[in-house]
Amino acid sequence: MHGTTVFLLARFVHVVAGVAWAGALIFIGWYLTPAIRATGPSGGALMQQLVRVQRLPVYLMTLMALTILSGLSLFWLDLTAFGPAWMHTGAGRTFSAGGAFAILTAILGVAVNMPTSKKLGTLMASIQAAGKQPSAEQAAEIGRLQNRLYRAGQAAAVLTLLAVICMGVARYVP
Ligand code: HEM
């Protein structure tokens with residue numbers, strides 16, 4: 001395939017997947033998880049619907065993989081086109097910083113957000129299947145998981161925003 005076509009394809013995938021991934025994480029971190037935490041067990045039921053039925057984690061993982069793989073390809077293509085000195089230009093440094101923020105977001109998502117939302121979804125499903133109110137122990141566990149998800153969601157939203165800011169201005173950084 002022609003070099004320009006590969007570059008355009010990588011940019012297309014990168015910008016479309018990156019915008020969708022970043023937008024979803026910012027919405028989840030700043031609006032959805034605070035709302036889920038504030039509404040207690042009924043919020044947990046919404047979480048269960050999103051995670052187990054609508055497979056939100058699969059959607060987020062796919063966008064994350066597409067963004068990072070296409071970003072690394074673009075990075076490699078820029079490096080080979082402009083040489084290693086590109087890394088030390090304002091643009092090179094800022095794209096690198098943005099990429100690092102995005103990769104940190106991905107690590108946080110895979111290590112904390114996803115397992116926590118999965119646990120919460122499973123717990124809510126078992127409570128729903130039993131057809132009873134959650135026990136005191138279960139309610140405490142729901143609260144603990146919702147707090148963790150809230151904090152990790154906020155951290156992921158801030159890291160994503162930093163990545164978006166870097167990606168948005170990098171080309172024009174002197
Ligand atoms: C939150 C995740 C991300 C978003 C929303 C995002 C968004 C964008 C956008 C909108 C551009 C176009 C900027 C322009 O042309 O001025 C861009 C370019 C770029 N991104 Fe990202 N990006 C993300 C993550 C990453 C990651 C993980 C890497 C990997 C290191 C990366 C590497 C790059 C590179 C090298 C370019 C420049 C491509 C070129 O020379 O045209 N990005 N990104």
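How far is an oxygen atom of the ligand from an N or O atom in the side chain of Arg171? In this predicted model, the separation between the two atoms is 2.7 Å. The legends below take up the ligand and its iron atom, and then two other places in the chain.

**View 1. Arg11, His14 and Arg171 of the protein each place a side-chain atom beside the ligand.** The ligand has 20 residues around it, and those that come nearest are Arg11, His14, Asp78, Met167 and Arg171. A polar side-chain atom of Arg11 is found 2.4 Å from an oxygen atom of the ligand, while for His14 the partner of the polar side-chain atom is a nitrogen atom of the ligand, at 2.7 Å. The side chain of Arg171 contributes an N or O atom that is 2.7 Å from an oxygen atom of the ligand.

**View 2. His14 and Met167 are the protein donors of the iron atom of the ligand.** The donor atoms are NE2 of His14 and SD of Met167, and they lie 2.0 to 2.4 Å from the iron atom. These two residues link distant parts of the chain, since His14 belongs to helix H1 (residues 3-38) and Met167 to helix H5 (residues 136-169), 153 residues apart. Six donor atoms surround the iron atom of the ligand, and because the angles they subtend are 85 to 178 degrees, the arrangement is octahedral. For six octahedral donors, the ideal angles at a metal are 90 or 180 degrees. His14 has a relative accessible area of 16% and is therefore buried, whereas Met167, with a relative accessible area of 31%, is partly exposed.

**View 3. Glu141 and Arg144 form a salt bridge within helix H5.** A search of the whole structure finds one salt bridge, and the side chains of Glu141 and Arg144 meet in a salt bridge with an N to O distance of 3.0 Å. Side chains of opposite charge can pair when their charged atoms come close. Because Glu141 and Arg144 are three residues apart in helix H5, about one helical turn separates them. Glu141 is partly exposed, with a relative accessible area of 27%, and Arg144 is also partly exposed, with a relative accessible area of 40%.

**View 4. Trp86 is a buried residue in the loop between helix H3 (56-82) and helix H4 (90-130).** The relative accessible area of Trp86 is 9%, so this residue counts as buried. When residues up to four places away in sequence are not counted, Trp86 touches Phe75, Asp78, Leu79, Ala91, Gly92 and Phe95. Asp78, one of these contacts of Trp86, is also among the residues that come nearest to the ligand.

Note on methods:
Residues numbered from 1 in each chain as written. Predicted model: local features only at pLDDT ≥ 70, side-chain atom pairs only at ≥ 80, totals over all residues. Heavy atoms only, no water. Donors = N, O, S within 2.8 Å, 3.2 Å for Na, K, Ca; no water. Tetrahedral: all angles 85-135°; square planar, octahedral: opposite > 155°, others 65-115°. Helix = DSSP H or I, 4+ residues; strand = E, 2+ residues; numbered from the N terminus. Buried < 20%, exposed > 50% of the residue type's maximum accessible area, 1.4 Å probe, protein only. Salt bridge = Lys/Arg side-chain N within 4 Å of Asp/Glu carboxyl O. Near = heavy atom within 4 Å. Polar contact = N/O pair within 3.5 Å; in protein donor to acceptor, adjacent residues only side chain to side chain. Contact = heavy atoms within 4.5 Å.
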